[in-house]
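The following exercises are intended for a reader who is meeting this structure for the first time. Each consists of a task and a solution in steps.

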Amino acid sequence: MIIPSKYRPELGVSKDRPRELLTSLYLRGSMLYATNGRMAIQIPVEREPDDVDGFIPVEALVEARQTCARSATTRRQRPGSFMMSARKATLAFDSKFGPIEMKRPEPGVYPTMTGVIDATPRRRTHCISFDVAFLSACAAALGHKCVTISFDGPETPIIVQALDNTGAAHAVLMPVRPA
């Protein structure tokens with residue numbers, strides 16, 4: 001499969017070992033999925049004829065990205081992408097030391113994403129664009145990792161409040177215009 005280098009789906013997997021199913025990525029059709037149970041990520045990939053649906057360990061994806069980034073051949077053939085073969089039992093990619101193969105895990109049945117993520121993102125009734133770094137800064141300033149956001153429309157200020165919302169502490173985040 002060929003994966004655009006700009007995507008980092010590994011950031012969406014669970015770090016929680018008891019939830020082993022969610023600690024790997026999953027290739028299904030032309031999409032690579034990641035979830036930790038609280039968020040779900042879908043990345044489009046270009047499949048090769050011998051690619052097979054299944055689990056892909058984060059370590060294999062990261063290693064393939066790093067190895068292919070250093071490969072002059074990959075940069076020439078597919079700039080901005082990296083390649084990995086997803087066979088039934090193994091994952092394979094080329095390195096400067098030769099081919100690398102890793103065993104594919106089979107911890108169970110990966111959650112179905114149907115109904116959670118649309119195959120093609122559709123425009124929702126309410127859409128708003130904002131800089132996530134500013135939202136993160138607002139949450140930190142309020143002393144919480146989880147916040148509630150509310151807004152009246154796509155170009156109105158966003159009110160950011162701590163989940164406990166016990167006082168008047170809140171932040172205002174300005175929306176950005178979509179490109």
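**Exercise 1. Determine whether Tyr26 is buried or exposed, and describe its ring pairing.**

Solution. The model is a predicted one.

Step 1. The relative accessibility of Tyr26 is 14%. Buried means under 20%, so Tyr26 counts as buried.

Step 2. Searching the whole structure yields three aromatic pairs. In one of these, Tyr26 and Phe55 have ring centres 4.9 Å apart and planes at 85 degrees. An angle over 60 degrees counts as edge-to-face, so this pair is edge-to-face.

Step 3. Tyr26 belongs to strand 2 (residues 24-28) and Phe55 to strand 5 (residues 54-57), so the pair ties together parts that lie 29 residues apart in sequence.

**Exercise 2. Establish which aromatic cluster contains Phe55.**

Solution.

Step 1. Phe55 has a relative accessible area of 4% and is therefore buried.

Step 2. Phe55 also forms an aromatic pair with Tyr110; the distance is 5.7 Å centre to centre, the angle between the planes is 75 degrees, and the pair is edge-to-face.

Step 3. Phe55 lies in strand 5, while Tyr110 lies in the loop between strand 9 (98-103) and helix 3, so this pair ties together parts 55 residues apart in sequence.

Step 4. Tyr110 has a relative accessibility of 3% and so counts as buried.

Step 5. Tyr26, Phe55 and Tyr110 together make up one aromatic cluster.

**Exercise 3. Describe the surroundings of Asn36.**

Solution.

Step 1. Asn36 is located in the loop between strand 3 (31-35) and strand 4 (40-44).

Step 2. A polar atom of the Asn36 side chain lies 3.0 Å from the backbone nitrogen of Met39.

Step 3. When residues up to four places away in sequence are not counted, Asn36 touches Gly12, Val13, Ser14, Arg19 and Leu22.

**Exercise 4. State which residues line the second largest pocket, and classify them.**

Solution.

Step 1. The volume of the second largest pocket is about 230 Å³.

Step 2. Its lining consists of Val132, Leu135, Ser136, Ala139, Lys145, Cys146 and Val147.

Step 3. Helix 3 (residues 132-141) supplies the largest share of this lining, namely four residues.

Step 4. Sorted by class, the lining has five nonpolar residues, one polar residue and one charged residue.

How values were computed. Residues numbered from 1 in each chain as written. Predicted model: local features only at pLDDT ≥ 70, side-chain atom pairs only at ≥ 80, totals over all residues. Heavy atoms only, no water. 1 Å grid on protein atoms, 1.4 Å probe; cavity = no way out; pocket = protein on both sides within 12 Å on 5 of 7 lines; lining within 4 Å. Points joined across faces, edges and corners; volume = space filled by probe spheres on them. Helix = DSSP H or I, 4+ residues; strand = E, 2+ residues; numbered from the N terminus. Nonpolar A, V, L, I, M, F, W, Y, C, P; charged D, E, K, R; others polar. Phe/Tyr/Trp six-rings, centres within 6.5 Å; stacked < 30°, edge-to-face > 60°. Buried < 20%, exposed > 50% of the residue type's maximum accessible area, 1.4 Å probe, protein only. Polar contact = N/O pair within 3.5 Å; in protein donor to acceptor, adjacent residues only side chain to side chain. Contact = heavy atoms within 4.5 Å.
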